[in-house]
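Thanks, everyone. I have one model to walk through this morning, so please bring it up on your screens.

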Amino acid sequence: MPLSSVATEANEQEIPYYESVGNECTMFEQAFQQRLPLLLKGPTGCGKTRFVSHMAAKLGKPLFTVSCHDDLTAADLTGRYLLQGGETRWVDGPLTRAVREGGICYLDEVVEARKDVTVVMHPLTDDRRLLPLERTGELLEAPDDFMLVVSYNPGYQHILKSLKPSTRQRFVAMSFDFPPPKVERDIVARESGLPLEQCSALVNLAASLRDMKGQDLEEGVSTRLLVYCATLIHAGMPILDAARATLVEPLSDDADVQEGLMEAIQATFG
Ligand SMILES: Nc1ncnc2c1ncn2[C@@H]1O[C@H](COP(=O)(O)OP(=O)(O)OP(=O)(O)O)[C@@H](O)[C@H]1O
Ligand SMILES: [Mg+2]
C-alpha cells in the first residue's frame with residue numbers, strides 16, 4: 001500500500017470546529033506541553049477524530065493521521081525502501097515524519113493494528129521518546145513538539161484485541177462519550193444548518209434510541225448519525241425518510257429491532 005494513502009496531513013490554516021464538553025482541550029494542551037502521549041477512548045462518532053484535528057490546528061502543528069486496520073504493520077508507520085526510477089530509496093512513514101519534522105501522529109483504532117506496532121510505540125511513549133529505524137540503522141529522538149495520540153472504541157473489540165497493560169499504561173487516557181443534550185444540539189445545528197428547535201427534538205430522540213442499546217443494539221446512535229439526519233432534513237428530505245436512512249438502517253439489519261427504532265421515531269415525529 002502506498003504510504004500516502006494511510007496518512008493525511010491537515011491544513012494548518014483553519015481550525016476545525018469542535019465543541020468542548022469538559023476539560024479535554026486543557027488536558028490535550030498539557031499533555032502536548034509535558035511531552036506525554038494521549039489515549040482517547042469512546043464510541044463511534046462521538047467526536048474523537050474532530051477533537052484531534054481541532055487541537056492540532058489550535059497548536060499549529062501538522063497532523064499525521066493513520067487509520068489502523070488489521071493488516072497495518074510497523075513498516076506502514078515507520079517507512080520502507082521503495083523502488084523509484086530504478087533506484088531504491090527509503091521513504092519515511094507517517095510516524096517517522098512526525099518524529100523527524102515535529103507534529104502530532106494520530107493512530108485511529110490502534111487496537112486493530114498488528115502486534116509489531118507496539119514494538120515501535122513502546123520506546124516512543126516512555127521517557128526515552130526514541131524511534132529506532134532498524135532498516136536504516138537510525139535512532140531518532142523525538143523533538144519536544146512530537147506527540148503520539150491513539151484512539152479506540154472499547155465497545156466492540158474482541159477480547160484479543162485490547163491493548164496490553166504495558167501499552168495502555170504508557171498513555172495519559174481520556175474517555176469520550178456522546179455530548180450532553182444542549183451541547184449535542186448545538187453541534188448538530190452547527191454542522192447541519194437545521195434550526196436549533198428541530199435539532200433539540202433529534203437529540204431527545206437520540207436519548208431514547210440510546211436507551212435501547214444493549215438488548216439488541218451493539219452501539220447507540222452516534223452524534224455523527226444525528227448530523228447526517230439533520231443534514232438530510234435540512235436539505236428537504238421528509239423527516240421519517242431521513243430518520244430511517246440515518247437512525248435505523250445504519251444501526252441494525254434485524255427487522256424487529258428496526259421496527260422498535262421506527263416506533264420510537266414515529267412517537268416523536270410521526
Ligand atoms: N464535540 C464536537 N464538536 C463538533 N463536532 C462534533 C463533536 N462531536 C461530534 N461531532 C460531529 O460528529 C462527527 C463524528 O465525529 P468524529 O468523526 O470525530 O467521531 P469519532 O469519535 O472519531 O468516531 P470513530 O470512532 O467512528 O472514528 C463529526 O464529523 C462532527 O460533525
Ligand atoms: Mg474517528
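Start with the largest nonpolar core, which has 39 residues. This is a predicted model, so keep that in mind throughout. The residues with the most contacts inside this core are Ile104, Cys105, Tyr106 and Val149. Who supplies it? Helix 1 (24-33), helix 2 (48-59), helix 4 (94-101) and helix 5 each give at least two residues. On the strand side, strand 2 (38-41), strand 3 (63-67), strand 6 and strand 9 (146-152) do so too. Strand 9 provides the largest share, six residues.

There is another core, and it lies apart from that one. It has 25 residues, including Val188, Ala242, Leu247 and Ile265.

Now zoom in on Tyr106. What does Tyr106 touch, leaving out residues up to four places away in sequence? Val52, Leu63, Phe64, Thr65, Val66 and Val149.

Next, Val117, in helix 5. Buried or exposed? Val117 counts as buried, because it has 25 C-beta neighbours inside 10 Å, and 20 is enough for that label. Not counting residues up to four places away in sequence, Val117 touches Leu72, Ala74 and Leu77. Look at Ala75 as well. Its C-alpha atom and that of Val117 are separated by 8.4 Å, with their positions 42 residues apart along the chain.

On to the backbone. Two residues deserve a click. Glu109 is not a glycine, yet has a positive phi of about 55°. You will find Glu109 in the loop between strand 6 (103-108) and helix 5 (116-124). Glu109 is buried, because 20 other C-beta atoms lie within 10 Å, and the class starts at 20.

The other is Arg129, again not a glycine, with a positive phi of about 50°. Arg129 sits in the loop between helix 5 and strand 7 (130-133). With 18 other C-beta atoms within 10 Å, Arg129 is partly exposed.

Last stop, ligand 1. How many residues surround ligand 1? There are 19, and the closest are Thr44, Gly47, Lys48, Thr49 and Arg50. Helix 2, helix 7 (181-192) and helix 9 (223-234) are the elements that give two or more residues to this shell. By class, the shell holds six nonpolar, seven polar and six charged residues.

And where does ligand 1 lie with respect to the domains? Domain 1 (3-175) and domain 2 (181-269) both give residues to the shell, so ligand 1 lies between them.

That is my tour. Over to you.

Conventions:
Residues numbered from 1 in each chain as written. Chains lettered and ligands numbered in written order. Predicted model: local features only at pLDDT ≥ 70, side-chain atom pairs only at ≥ 80, totals over all residues. Helix = DSSP H or I, 4+ residues; strand = E, 2+ residues; numbered from the N terminus. Buried ≥ 20, exposed ≤ 12 C-beta atoms within 10 Å, placed from the backbone. Core = buried A, V, L, I, M, F, W, Y, C linked by C-beta atoms within 7 Å. Contact = placed C-beta atoms within 7 Å. Near = placed C-beta within 6 Å. Nonpolar A, V, L, I, M, F, W, Y, C, P; charged D, E, K, R; others polar. Domains from an automatic or database assignment.
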